[in-house]
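Let's take a walk through this one, starting with a pair of charged side chains and working outwards from there.

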Amino acid sequence: MGDKNNYDISFLCEFKDRNIEKEFLNYELKRNAKVIGPIIIIYGLVYFVFVVSDYFSIMNTQSFQFILTVRLIFLSSSVLIYMGMKFINNYDIMIYLITAYEFVAVLAFLMIINQYETLTFLSILSVVAMNAAIFITPNKLINAQFISLFLNIAFFVFPANHIYGIDTSVLIKTILYVIMIVTYCNIGFYLNNYYKRKQYADSLELLRLSITDSLTGIFNRAKFNEELKKWTDYCSRYESDISLVFFDIDNFKRVNDNYGHMTGDKVIQDIVLSIQNKIRSTDIFARWGGEEFVILLPNTGNDQAAEMAERMRIAIEKITVSESENITCSFGIATLRENESSESFIKRGDKLLYEAKRRGKNIVVYEMEVLEEVR
């Protein structure tokens with residue numbers, strides 16, 4: 001989840017960040033998966049039902065047979081797409097399929113209209129209905145606009161001259177009314193897509209705020225506990241190592257008392273930035289509370305975790321609060337035991353952190369080391 005600037009929406013009503021746009025489109029696929037198929041079936045059936053009107057309007061048998069064939073092909077393609085929708089799990093593929101389907105619908109409409117020797121104003125209403133169908137169907141704005149533009153230009157350049165009893169001035173007015181309706185459809189479609197994306201961006205931002213620490217941007221304690229439960233279950237099932245690093249800032253109260261809370265906040269942010277440069281993308285880093293932090297290291301044994309913690313300790317030592325005072329942290333490391341609960345795992349890590357404090361601070365303490373001392 002990135003920063004708010006990543007949620008900017010372009011003139012084409014798409015997220016400027018391509019990754020977020022892709023996430024949104026796949027979210028829309030899941031949300032509309034049960035709706036798109038039935039919509040297409042309804043289009044196919046409505047398209048075919050108009051063959052009744054063709055039967056009474058077309059006197060030429062060959063023309064009627066041609067229209068019947070076109071409508072049957074379109075109905076069949078609607079059924080095939082409806083069945084295929086169940087197996088599509090990629091929004092890009094679905095968008096291409098919908099766009100191709102709409103394009104075929106427009107071509108079929110133009111071919112059918114062209115079989116009529118004379119047309120009425122009802123033919124213009126059918127163009128309006130086609131435009132409405134294009135903008136109701138979930139699609140990218142640019143694709144819907146292209147299909148609509150093709151339909152209207154093709155109709156008024158070719159079949160419209162067959163409209164019976166219409167003079168040029170009335171035709172021009174009709175074209176203007178269709179343009180107005182299409183413009184309203186465009187505006188409605190744009191606003192619908194825009195506010196869908198705004199709502200999605202707001203939901204992402206709310207989710208980000210609910211799982212992250214406001215000062216540092218890393219995970220908060222609640223999110224860490226959720227990830228810990230998931231990873232401990234996974235590692236127990238597959239017998240994989242996982243380690244926990246607890247650390248906190250030494251003498252942090254003195255920093256706040258001597259330099260103020262603004263400086264204290266800056267120290268916390270500097271430490272977080274330093275640690276983020278030392279851990280892997282798979283590691284789970286969270287603020288446990290106040291000046292205390294925790295890192296979950298999947299697929300990491302005790303010795304490797306100790307080495308990583310030592311590198312972190314050295315990196316933090318380079319952070320200064322004044323010319324004469326450096327920041328230090330104490331570390332405690334635990335590695336998950338067989339059949340151990342996440343609660344027990346946390347308690348052991350926290351206990352080892354306080355052992356590091358007891359020994360004089362600015363050190364890394366891990367369980368094997370403590371056991372060897374006891375022996």
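Keep in mind that this is a predicted model. Begin at Glu227 and Lys223, whose side chains meet in a salt bridge, 3.1 Å from N to O. Both sit in helix α8 (residues 221-238), four residues apart, so about one helical turn separates them. An α-helix has 3.6 residues a turn, so residues three or four places apart point the same way. Neither partner is out in the open: Glu227 is buried at 9% relative accessible area, and Lys223 is buried at 13%. The pair also belongs to a network of salt bridges that links Lys223, Glu226, Glu227 and Lys230.

Now try helix α9 (residues 252-259), where Asp257 and Lys253 are again four residues apart. Their closest N and O atoms are 2.8 Å apart, in a salt bridge. Here Asp257 counts as exposed, because its relative accessibility is 52%, and Lys253 is exposed too, at 60%.

Helix α7 brings another pair, Glu205 and Arg208, three residues apart, with a salt bridge of 2.6 Å, N to O. Glu205 is buried at 12%, while Arg208 is partly exposed at 22%. The helix also holds Leu191, which joins Tyr177, Met180, Tyr184, Ile187 and Tyr195 in a nonpolar surface patch of about 670 Å² accessible area together.

Where is the largest pocket? Its lining draws two or more residues from each of α1, α2, α3, α4 and α5. The volume of this pocket is about 880 Å³, and among its 36 lining residues, the closest to the centre are Phe50, Arg71, Phe109, Ile113 and Ser126.

Note on methods:
Residues are numbered from 1 along each chain as its sequence is written. This is a predicted model: local features need pLDDT of at least 70, side-chain atom pairs count only at pLDDT 80 or more; totals for chains, interfaces and linings use all residues. Side-chain values use heavy atoms; hydrogens and water are left out. Patches are made of residues with over 30% relative accessible area and no salt bridge: like charges are joined within 9 Å, nonpolar side chains (Val, Leu, Ile, Met, Phe, Trp, Tyr) within 5 Å. Accessible areas come from the Shrake-Rupley method with a 1.4 Å probe; for residues, only the protein chains shown count as cover. A salt bridge is a side-chain nitrogen of Lys or Arg within 4 Å of a carboxyl oxygen of Asp or Glu. On a 1 Å grid over the protein atoms alone, a cavity is a set of points where a 1.4 Å probe fits but cannot get out, and a pocket is an open set with protein on both sides within 12 Å along at least five of seven lines; lining residues have an atom within 4 Å of a point. Grid points are joined across faces, edges and corners, and a volume is the space filled by probe spheres set on the points. Buried means under 20% relative accessible area, exposed over 50%, partly exposed in between (1.4 Å probe, protein chains only).
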